[in-house]
Amino acid sequence: MSKINAIITGIGGYVPEYVLNNEELSRMVDTNDEWIMTRVGIKERRILTEEGLGTSYMARKAAKQLLQKTGCDPDTIDALIVATSTADYKFPSTASVVLGKLGLKNAFAFDFWGACCGFLYSLDVAASMIQCGRYKKIIVIGADKMSSVTDYKDRATCPLFGDGAAAVLVEATSEQNIGLMDSYFRCDGKGLPFLHMKAGGSVCPPSHFTVDHRLHYLYQEGRTVFRYAVTNMSDDCALLAERNHLDKDNLRFVVPHQANMRIIEAVAKRLELSMDQVMVNIEHYGNTSAATIPLALWEYEHQLKKGDNMLFTAFGAGFVHGASYYKWAYDGSKDA
């Protein structure tokens, strides 16, 4: 019996219509376009402004586009995974809300909390579920409404984040040497002090004090996070490249988490790649956390050819990090 492989067979995406550019942001906090572009390379970001809409709304829009593009029968979906750090509610899961809105009758659903590595980890989990032979079709969504945890009085962090979602369909195939080929994941538990949200969890439940002291917003010690991100994303990619015999001549794309343009450039330099071999959309979307990698795939889909070698890599809160080697399974120009 031939080995079962897991492949991405389609991509859907969604970003909100509202564009928050650097000029408008500079009227909200003491910053400017030159400062932001020089340090992180972000020109604008999309923000979900409609009251009462959360991460599940964007995730559902992305998944709906995915189903329409692929022509997949919703009744054939076995599972739905939403990678997010900005769930609609503490419970139920955002994935259960999305499943209900899409009308998936034969699937189970769960959220995956892996911060900015959430999509990468979820893709690996979905691939393993496929490869074991028990499931055939799984939707994996990376979605985050980062504006909901961003303090727009903090000039150090508010320029960094945006909102968005993207979804992929992961399917089983008997075709060999295609799909998710290899992964390397690690976590450094020492990262808690440097990137977290202080209140809202079981350690520090919501109270008048936590609200009054603005403890329900993201906190980041930028220099430390930057240093760890550059080192780990570069090392993880280099490790996978070495053990899979990948180099600048046979690697089509690196798809890095879009947190900081300087991090992306450092990863490319470590692998001796030109920037033409790196997927980049940070200038227009900023850091959408778990959504950055699938949103990049969504934008670049038309450039992809069957057999293209790709490395995905990310780093996030908890100092989770890793990389995956993926061999693309279809000509994207036909479906874009």
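Student: How many disulfides does a search of the whole structure find?

Tutor: Bear in mind that this is a predicted model, where local features need pLDDT of at least 70, side-chain atom pairs count only at pLDDT 80 or more, and totals for chains, interfaces and linings use all residues. Residues are numbered from 1 along each chain as its sequence is written, and side-chain values use heavy atoms, with hydrogens and water left out. A disulfide here is a pair of cysteine sulfur atoms within 2.5 Å. Searching the whole structure for disulfides turns up 0.

Student: Why is there no bond between Cys 187 and the closest cysteine sulfur, and how far away is that sulfur?

Tutor: The closest cysteine sulfur to that of Cys 187 belongs to Cys 117. That is too far for a bond, because the separation is 9.1 Å.

Student: Is Cys 237 buried or exposed?

Tutor: Cys 237 is in no disulfide either, with the nearest cysteine sulfur, in Cys 117, 11 Å away. Buried means under 20% relative accessible area, exposed means over 50%, and partly exposed is in between (1.4 Å probe, protein chains only). Cys 187, at 52%, is exposed. With a relative accessible area of 0%, Cys 237 is buried.

Student: Which residue stands opposite Val 320 in β13?

Tutor: Strands (E, at least two residues) and helices (H or I, at least four) are DSSP runs, numbered from the N terminus. Two strands pair if DSSP finds at least two bridges between them. Strand β8 (residues 179-187) runs antiparallel to β13, joined by 8 bridges. Across from Val 320 in β13 you'll find Cys 187.

Student: And which residue stands opposite Ser 324 in β13?

Tutor: Here the partner is strand β12 (residues 309-316), which pairs with β13 in the antiparallel sense over 8 bridges. The hairpin of β12 and β13 has 3 residues between the strands, and Gly 318 takes a positive phi near 85° there. Opposite Ser 324 sits Phe 312.

Student: Why is β13 largely enclosed, and how many of its residues are buried?

Tutor: In a regular strand, side chains alternate between the two faces of the sheet. In β13, Val 320, Gly 322, Ser 324 and Tyr 326 point one way, while His 321, Ala 323, Tyr 325 and Lys 327 point the other, and all are buried. The strand is largely enclosed by the rest of the structure because its buried residues number 8 of the 8.

Student: Which element gives the largest share of the largest nonpolar core?

Tutor: A nonpolar core is a set of buried Ala, Val, Leu, Ile, Met, Phe, Trp, Tyr and Cys residues joined through side-chain atoms within 4.5 Å. The largest has 40 residues, and Val 254, Leu 271 and Leu 311 touch the most other members. At least two residues each come from α7 (222-243), α8 (261-270), β12 and β13. The largest share, 8 residues, is supplied by α7.

Student: Within what arc do the buried residues of α8 fall?

Tutor: Those residues are Met 261, Ile 263, Ile 264, Val 267 and Ala 268. Seen down the axis, they line one face of the helix, because the arc that holds them (taken from the directions from the helix axis to the C-beta atoms) is 160°.

Student: Which residue caps the N-terminal end of α8?

Tutor: Look for a side-chain oxygen 2.7 Å from the backbone nitrogen of Arg 262. The residue carrying that oxygen is Asn 260.

Technical notes: A polar contact is a pair of N or O atoms within 3.5 Å; within protein, one must be able to donate a hydrogen and the other to accept it, and residues adjacent in sequence count only if both atoms are side-chain atoms.
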